[in-house]
Amino acid sequence: MKKLQASGKTVEDAVRNGLSQLGVAENRVKVAVLEQASKGLFGLIGAKEARVELELLPDGVEEAMNFLREVSGAMGLSVTVEREDDAESIRINVKGSDLGLLIGRRGQTLDSLQYLVNIVANRHSDRHLRIVLDAEQFRERRRRTLEALSDRMANRVVKTRKEIVLEPMNSQERKIIHAWLQGHADVKTYSQGEEPNRRIVIAPK
């Protein structure tokens, strides 16, 4: 675990100096005071600055990003990993070339990596973290594909008045289709089956 010693006219100054060198906020470190400041005789002889030791605490998201870099390297991929926070979740975006191997068929490898990334992150965090892993905006492309599929299947159901059972999907993809057809005037959706073969059914109203 990374440690750093810093000094300053006061303990607070020493901590600020250490944080500046580490480039992190105070909640990311554990502070130990090594020596209090001393004014010395007449403010000159024997004067000493305060000294502190800052211990950098592990950050769940950074650990997850390091894990992802290691896995990508083991797969022979050269990638950059970027973090993006919003009110509900933390998004980690992977950028690079030839990321098909990392995404996998219909995002299955990406989903598996997302599961592992969340385990790593929460192992190093004292609060629950929810990380969405994406690669070259695959999630957005997949969402648009599912919405287009929903429209096509809904039109077929309306035309034939027969329900259609879609291929098995994970809960995130089922949620996209349920939400997209929720307000449809002529069809309804529901899920059937057990994981990992749970499917969406589009049926006439």
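This section describes the domains, sheets, nonpolar core and selected residues of the structure. The model is predicted.

The domain assignment divides the protein into domain 1 (3–56), domain 2 (60–136) and domain 3 (140–204). The centres of domain 1 and domain 3, taken over C-alpha atoms, are separated by 60 Å. UniProt, in an unreviewed entry, lists residues 140–205 as "domain: R3H". Over residues 140–205, helix accounts for 48% of the chain and strand for 21%. The end C-alpha atoms of this stretch are 29 Å apart.

The description begins with the sheet that contains β1. This sheet is open and consists of three strands in the order β1-β3-β2, with antiparallel pairing. The edge positions are taken by β1 (3–8) and β2 (29–35); each has a single partner strand, so one side of each is left without a neighbour in the sheet. From one strand to the next, the twist averages 25 degrees. Helix α1 (residues 11–22) packs on the sheet and touches β1, β2 and β3. The direction of α1 makes about 135 degrees with that of β1.

Strand β3 (residues 50–56) pairs with β1 in the antiparallel sense over six bridges. Within β3, L54 stands opposite L4, and V52 stands opposite A6. On the other side of the pairing scheme, β2 and β3 also run antiparallel and are joined by six bridges. Here E35 stands opposite R51 in β3. Strand β3 is mostly covered, with five of its seven residues buried.

The next element is the largest nonpolar core, which has 21 residues. Five elements give two or more residues to this core: α2 (60–74), β5 (90–96), α3 (100–103), α4 (108–123) and β6 (131–135). Within the core, I92, I131 and L133 touch the most other members. In soluble globular proteins, nonpolar side chains tend to be buried together. Leaving aside neighbours within four places in sequence, L133 is in contact with L68, I92, V94, L110, L113, Q114, V117 and R139. The contacts of L133 thus include I92, itself one of the three core residues that touch the most other members.

Two residues other than glycine have positive phi values. For R106, phi is near 55 degrees. R106 lies in the loop between α3 and α4 and counts as partly exposed because its relative accessibility is 37%. For Q137, phi is near 60 degrees. Q137 is placed in the loop between β6 and α5; at 60% relative accessibility, this residue counts as exposed.

A further open sheet has three strands in the order β7-β9-β8, again with antiparallel pairing. Strands β7 (164–165) and β8 (187–192) stand at its edges, and since each has a single partner strand, one side of each is left without a neighbour in the sheet. Strand β9 (residues 199–204) pairs with β7 in the antiparallel sense over two bridges. In this pairing, I202 of β9 is the bridge partner of I164. Helix α5 (residues 138–160) packs on the sheet, where it touches β7, β8 and β9. The direction of α5 makes about 40 degrees with that of β9. Helix α6 also packs on the sheet, touching β8 and β9, and its direction makes about 160 degrees with that of β8.

Residue R174 is located in helix α6 (residues 171–181). Its relative accessibility is 8%; R174 therefore counts as buried, the cut-off for this class being under 20%. With neighbours within four places in sequence left aside, the contacts of R174 are M169, S191, E195, R198, R199 and I200. One of these contacts, E195, is joined to P196 by a cis peptide bond, with omega about 5 degrees. P196 lies in the loop between β8 and β9.

Methods: Residues numbered from 1 in each chain as written. Predicted model: local features only at pLDDT ≥ 70, side-chain atom pairs only at ≥ 80, totals over all residues. Heavy atoms only, no water. Core = buried A, V, L, I, M, F, W, Y, C linked by side-chain atoms within 4.5 Å. Buried < 20%, exposed > 50% of the residue type's maximum accessible area, 1.4 Å probe, protein only. Helix = DSSP H or I, 4+ residues; strand = E, 2+ residues; numbered from the N terminus. Contact = heavy atoms within 4.5 Å. Domains from an automatic or database assignment. Pairing = 2+ DSSP bridges. Axes fitted to C-alpha atoms, helices over the stretch in contact; angles between N-to-C directions. UniProt positions renumbered as here; feature names shortened; annotations may be inferred.
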